[in-house]
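Okay, thanks for squeezing me in. I'll put the structure up on the screen, and then we can walk through it together.

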Amino acid sequence: SSPAPHNLPFPPGCQIKSQQSEVTRILDGKNIKYELVDISQDNALREEMRAKAGNPKAIPPQIVNGDQYCGDYELFVEAVEQNTLQEFLKLA
């Protein structure tokens with residue numbers, strides 16, 4: 001039998017987009033201002049993101065506050081679930 005559709009892996013770009021929209025939806029819901037930086041067209045921005053993340057293979061979304069690195073999507077979701085988003089975003 002064929003696998004159920006939800007078991008199929010997303011193409012990387014698709015997963016990134018859904019994670020980004022989840023992050024922006026949560027931030028919008030909490031009235032937290034943010035700026036989206038599209039690194040897909042700019043290698044310098046991609047390198048800067050990876051340098052801030054301290055991971056040469058880091059993929060978006062990565063969350064930073066100014067020059068302070070906050071974390072990746074998984075850490076963001078964890079902070080939301082644990083009600084520690086303000087601390088995660090370095091706003092507290």
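Let's jump straight in at H2, where the buried residues are Met-49, Arg-50 and Ala-53. Around the helix axis those three cover an arc of only 95 degrees, so they sit on the same side of H2. If you want the general reason, an α-helix has 3.6 residues a turn, so residues three or four places apart point the same way. And yes, before anyone asks, this is a predicted model.

What covers that buried side? The cover over the buried residues of H2 includes S1 and strand S2, which is 68–72. Flip to the face of H2 turned away from the buried side, and you find the exposed residues Ala-44 and Ala-51.

Now the two ends of H2. At the start, Asp-42 has a side-chain oxygen that comes to within 2.9 Å of the backbone nitrogen of Ala-44. On the far side, H2 is followed by Gly-54, with a positive phi near 65 degrees.

Let me zoom out for a second. The chain has 4 helices and 2 strands, and reading from the N terminus the order is α-α-β-β-α-α. There are 92 residues, and 26% of them count as buried. If you take the contacts with a separation of 6 or more, 36% come from residues 24 or more positions apart.

Next stop, H3, residues 73–81. Its buried residues are Tyr-73, Phe-76 and Ala-79. Looking down the axis of H3, they fall within an arc of 125 degrees, so these buried residues line one face of the helix.

The start of H3 has an aspartate too: a side-chain oxygen of Asp-72 reaches to within 3.3 Å of the backbone nitrogen of Glu-74. Just after H3 comes Asn-83, with a positive phi of about 60 degrees. Asn-83 is in the loop between H3 and helix H4, which is 85–88. So is Asn-83 buried or exposed? With 67% relative accessibility, Asn-83 counts as exposed.

There's another asparagine to look at, Asn-31, in the loop between H1 and H2. Phi of Asn-31 is near 55 degrees, a positive value in a residue other than glycine. Asn-31 is exposed, at a relative accessible area of 72%.

Stay in that loop between H1 and H2, because I also want to show you Ile-39, which lies there. The cut-off for buried is under 20% relative accessible area, and Ile-39 comes in at 10%, so Ile-39 counts as buried. What does Ile-39 touch, not counting residues up to four places away in sequence? The list is Leu-45, Arg-46, Met-49 and Pro-60. Met-49 should ring a bell, as one of the buried residues of H2. As for Pro-60, Ile-39 is 21 residues away from that proline in sequence, yet the C-alpha to C-alpha distance is 8.3 Å.

While we're at Pro-60, check the backbone. The peptide bond from Pro-60 to Pro-61 is cis, and omega is near -5 degrees. Pro-61 is in the loop between H2 and S1.

Over in helix H1 we have Thr-24. Thr-24 is buried, with a relative accessible area of 13%. Setting aside neighbours within four places in sequence, Thr-24 is in contact with Tyr-34 and Leu-36.

Last thing, the pocket. The largest pocket has a volume of about 970 Å³. How many residues line the largest pocket, and which lie nearest its centre? There are 34 in the lining, and nearest the centre are Glu-35, Leu-36, Val-37, Pro-61 and Gln-62. You've met two of those names already: Leu-36 is one of the contacts of Thr-24, and Pro-61 is on the cis peptide bond.

Which elements build that lining? Helix H1 (12–29), helix H2 (43–53) and strand S1 (62–65) each supply at least two residues. H1 gives the most, with 8 residues. By chemistry, the lining of the largest pocket splits into 20 nonpolar, 6 polar and 8 charged residues.

That's my tour. Happy to spin the model around if anyone wants another look.

Key
Residues are numbered from 1 along each chain as its sequence is written. This is a predicted model: local features need pLDDT of at least 70, side-chain atom pairs count only at pLDDT 80 or more; totals for chains, interfaces and linings use all residues. Side-chain values use heavy atoms; hydrogens and water are left out. On a 1 Å grid over the protein atoms alone, a cavity is a set of points where a 1.4 Å probe fits but cannot get out, and a pocket is an open set with protein on both sides within 12 Å along at least five of seven lines; lining residues have an atom within 4 Å of a point. Grid points are joined across faces, edges and corners, and a volume is the space filled by probe spheres set on the points. Ala, Val, Leu, Ile, Met, Phe, Trp, Tyr, Cys and Pro count as nonpolar, Asp, Glu, Lys and Arg as charged, and the others, Gly among them, as polar. Buried means under 20% relative accessible area, exposed over 50%, partly exposed in between (1.4 Å probe, protein chains only). The arc is that of the directions from the helix axis to the C-beta atoms. A polar contact is a pair of N or O atoms within 3.5 Å; within protein, one must be able to donate a hydrogen and the other to accept it, and residues adjacent in sequence count only if both atoms are side-chain atoms. Contact means heavy atoms within 4.5 Å.
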